[in-house]
Amino acid sequence: MNKKLRQLNQEILTWAKNLPKKEGKYAKPYLIKVSSEYIRASIKVLIVAKETNGWETKPIEKGWDEITVDDLMEHYDNFVNKEWGYSEHDNHRSAVWEFVESIRTISEGSNKLYPQYSGILGTAATNIALLGYYEEGMPGCDESMKKELAYFSKRQIEILNPDIILFTFAHIEKNKNYTDMLDLIFGNIFDFNNILNSKTKFTLLATLERGVKRPLLIFNSYHPIYYRRKGIISELVEQFTSEIIHYIEQINVPNVSQL
C-alpha cells in the first residue's frame, strides 16, 4: 500500500513543484504514509480533514527544489503514525489530532479501549486538499486547483481502500471548495440532511455497495475544533466509535480470541 502511495505522492510533489510562485504561498504537499496497523486491518477507517494549513513549514529546512517525496512521507510517518500528532514545535495540540487519537485508541496503542479489535481495526488520517497555504492560521485551499486536488484525493482514497470514511467539514457555504471536491470525487450522491445526531450534526452521507465487499460507509461531521469550542468533542468521539463498533459487529468480524 505504501509503495502505491509513494508513486502517487511523487506525482503530487512533481505537480506542486511545477506550480508558479509557490514559494511562500503554499505549504509542502501532504504526502501520507499509513501505519502497519492500517495495512493489516480487516476494517479500515479513514478520517479526512480539510487542508494542510501550514504543513511542514518548520521541521524540514529544505526548499522546494531540494525536498523529496521520502522527506515528506517520513515527516508524516513520524508526526502522525509514531508521535500521534504531538510536536515540539506546536504551542498547543490541534483538535484534529486529539480526535484522531481518540479513534485510533479504539484498537491501537498501549491503552486500547477495545483490545479485542486489535489487528482488526486500523485508522488513517488525511486531508481532502493535499496542498494548502503556507501560512499557519490561513485556512483554505486554492479554489483554482479544485479539480487537480480532487483528482489526487480520489486516487489516494482508492489506494487506501477504506471501509468507513469520515469527512470532517460540514456542508456550509464557507466549506464549498471541499464539498465541491466531494462531488468531483464521488459524484453528486450525498444526502447532507441524513443527520443521525441533532446535537453533533453527525451525518450518514451514503452507504455504497461494493459487490462482494462490505459496503463503504461515508459520514460527515463539523471540524473537530467546533466540538472542542462547544465542549462536546466527547459526544463526537462516542458517536463515531459507536458507528465503527456497530459496523464490525454487523459484519461479524471475529475478535482476536476467535482468530
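Here are three short exercises, each with a worked solution, on a predicted model.

Residues are numbered from 1 along each chain as its sequence is written. In this predicted model, local features need pLDDT of at least 70, side-chain atom pairs count only at pLDDT 80 or more, and totals for chains, interfaces and linings use all residues, while side-chain values use heavy atoms, with hydrogens and water left out.

**Exercise 1. Find Asn81 and describe its surroundings.**

Step 1: Start with the place. Asn81 belongs to helix α3, residues 69–82 (helices are DSSP runs of H or I with at least four residues, strands are runs of E with at least two, and both are numbered from the N terminus).

Step 2: Is Asn81 buried or exposed? Its relative accessible area is 13%, so Asn81 is buried (buried means under 20%, exposed over 50%, partly exposed in between, with a 1.4 Å probe and protein chains only).

Step 3: Look for polar contacts (pairs of N or O atoms within 3.5 Å; within protein, one must be able to donate a hydrogen and the other to accept it, and residues adjacent in sequence count only if both atoms are side-chain atoms). The Asn81 side chain lies 2.6 Å from the backbone oxygen of Lys33, and a polar contact of 2.8 Å links it to the side chain of Asp77.

**Exercise 2. Work out how enclosed helix α4 is.**

Step 1: Count. Seven of the 10 residues of α4 (residues 95–104) are buried, so the helix is largely enclosed by the rest of the structure.

Step 2: Name them. The buried residues are Ala95, Val96, Trp97, Phe99, Val100, Ile103 and Arg104.

Step 3: Find their partners. These buried residues pack against several elements, including β1 (43–49), α3 and α8 (233–250).

Step 4: Check the N-terminal end. Ser94 caps α4 there, with a side-chain oxygen 3.0 Å from the backbone nitrogen of Val96.

**Exercise 3. Describe how α5 packs against α6.**

Step 1: Recall the idea. Two packed helices are described by the angle between their axes and the distance between the axes.

Step 2: Apply it. Helix α5 (residues 146–160) and helix α6 (residues 176–186) pack at about 55 degrees, with axes 9 Å apart (axes are lines fitted to C-alpha atoms, for helices over the stretch in contact, and angles run from 0 to 180 degrees between N-to-C directions).

Step 3: Classify. This makes α5 oblique to α6 (under 35 degrees is roughly parallel, over 145 roughly antiparallel, 65 to 115 roughly perpendicular, and the rest oblique).

Terms used
Contact means heavy atoms within 4.5 Å.
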